[in-house]
Each structure stands twice: as structure tokens, then as C-alpha cells.
Amino acid sequence: IPKYQWTRNGTNITGAISNVWGASTLSNNDQICVDMTSGYLCPNPKTAKSNCIKVSIESTGGTNITGIWTGKEPSIYPNPATEKLIIEGIDKGTKIQLTDVLGRVLIKATAASETMELTMSHLASGSYMLTLSKDNGDRMSVKVVKE
């Protein structure tokens, strides 16, 4: 069985020893890599280092969110959520997307009314990114925590 050790800017991340790792606390320009050590008796080389990924964080919130939805910023609650996440004050047709820390899309929907309810009970505890976007290019992203 291979062993893994994830690093951030050349420093081992404590407890990050799985073949998959994610975080919600990355900073712009962080370098994320993983070292894999083989479980075989005589591998050559014994340890392999992945290509590193440079984190690029962009602000997705608009500079003027007020007025682009239904006159005010949407309400997203409860946050942290356990069973359901409620999104209020969005326009019909707003695209809703929930992604995990690796960027995988877990929930994708289009608002049928000004209030939408997302079922969160099937998701693992942790941090997610909720993105609301409209056809005119307006968008906002909010960190959502599932307990």
C-alpha cells in the first residue's frame, strides 16, 4: 500500500496522508504537492513527487451585488447547515452550483423561484463553495459549511 504526504509551500501538512486532500484555507500562490512512497519491496525510485499545483484565488463577488438580484444581496442560511440550505432573494433563472474543495460539482440547479432549498444531508461534513450566477454575467460565491 502506498503512503502519501501532501505539502504546502514545501512544508508537510499535518494529517494530510490520504490519496485525496482538500482545504478551504488556501492562499493565493500556495504551491500544493504530494509525495507518494511505494509499498513495494524494491521500487526505483521509492518516493515520487507529483507536479505541484499553484493556487490562484480570484474574487468572484461583484463590486455591486446590491441590485443585481432582487434589490438586495441573497440570504443563504443556515450556515453551517446540516439537512438543508435555503437561498432567498434570488431571481428566477439564477444558476446555483455547489462544489467541494477540489472543485467537483456536487449540486447544480436553476432557481425556479426567489427561494430555493438545497438538500445537504447526503454531503460529508466540511467546507463547500456555493456559486450563484446569472446569464448577464453577475455572480457571487459564498463559503458554506456542512456540519
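This briefing walks through the strands, the disulfide, some backbone details and the C-terminal end of a predicted model. The protein has 147 residues, of which 32% count as buried. Its secondary structure comprises twelve strands and zero helices. Confidence averages a pLDDT of 83, with 89% of the residues at 70 or more, but one stretch, residues 59–70, falls below 50.

**Overall picture**

- Reading along the sequence gives a run of strands with no other element in the pattern: β-β-β-β-β-β-β-β-β-β-β-β.
- Taking contacts between residues at least 6 apart in sequence, 48% join residues at least 24 apart.
- The exposed surface of the protein comes to about 9,200 Å², and 51% of it is supplied by carbon and sulfur atoms.

**Where to read with care**

- The mean pLDDT of the protein is 83; residues 59–70, with pLDDT below 50, still have 28 contacts in the model beyond near neighbours in sequence.
- Where pLDDT is low, predicted coordinates should not be read in detail.

**The disulfide**

- A search of the whole structure turns up one disulfide, formed by Cys33 and Cys52 with their sulfur atoms 1.9 Å apart.
- The link of Cys33 and Cys52 is right-handed, with 105 degrees about the S-S bond.
- Cys33 sits in strand β3 (residues 31–37), while Cys52 belongs to the loop between β4 (47–49) and β5 (53–54), so the disulfide ties together parts that are 19 residues apart in sequence.
- The two partners can be set side by side: Cys33 is buried, at a relative accessible area of 4%, whereas Cys52 is partly exposed, at 39%.
- Another cysteine, Cys42, has a relative accessibility of 75% and counts as exposed because that value is over 50%.

**The sheet of β6, β7 and β10**

- Three strands make an open sheet in the order β6-β7-β10, and their pairing is antiparallel.
- At its edges are β6 (75–77) and β10 (115–119), each of which pairs on one side only.
- On average, neighbouring strands in this sheet are turned by 15 degrees against each other, with direction ignored.
- Strand β7 (residues 84–88) and β10 run antiparallel and are joined by five bridges.
- If you want a residue pair to look for, Lys84 has Thr119 in β10 as its bridge partner.

**The loop between β6 and β7**

- Two cis peptide bonds are worth a look here: one joins Tyr77 and Pro78, with omega about -15 degrees, and one joins Asn79 and Pro80, with omega about 15 degrees.
- Pro78 lies in the loop between β6 and β7, and Pro80 is found in the loop between β6 and β7 too.

**A positive phi at Asn9**

- Asn9 is a residue other than glycine with a positive phi, near 55 degrees.
- Its place is in the loop between β1 (3–8) and β2 (11–12).
- Asn9 is partly exposed because its relative accessible area of 43% falls between 20% and 50%.

**The hairpin of β11 and β12**

- Eight bridges pair strand β11 (residues 126–133) with strand β12 (residues 139–146) in the antiparallel sense.
- Across this pairing, Leu132 stands opposite Met140 in β12.
- Five residues lie between the strands of the hairpin, where Gly137 takes a positive phi near 100 degrees.

**The C-terminal end**

- Glu147 lies in the segment after β12 and is exposed, with a relative accessible area of 53%.
- Setting aside neighbours within four places in sequence, Glu147 is in contact with Pro80, Ala81, Thr82 and Ser125.
- Pro80, one of these contacts of Glu147, is also the proline of the cis bond with Asn79.
- Glu147 and Glu83 are 64 residues apart along the chain, and their C-alpha atoms are separated by 8.8 Å.

Terms used
Residues are numbered from 1 along each chain as its sequence is written. This is a predicted model: local features need pLDDT of at least 70, side-chain atom pairs count only at pLDDT 80 or more; totals for chains, interfaces and linings use all residues. Side-chain values use heavy atoms; hydrogens and water are left out. A disulfide is a pair of cysteine sulfur atoms within 2.5 Å. Helices (H or I, at least four residues) and strands (E, at least two) are DSSP runs, numbered from the N terminus. Buried means under 20% relative accessible area, exposed over 50%, partly exposed in between (1.4 Å probe, protein chains only). Two strands pair if DSSP finds at least two bridges between them. Axes are lines fitted to C-alpha atoms, for helices over the stretch in contact, and angles run from 0 to 180 degrees between N-to-C directions. pLDDT is the predictor's confidence in each residue, from 0 to 100. Contact means heavy atoms within 4.5 Å. Accessible areas come from the Shrake-Rupley method with a 1.4 Å probe; for residues, only the protein chains shown count as cover.
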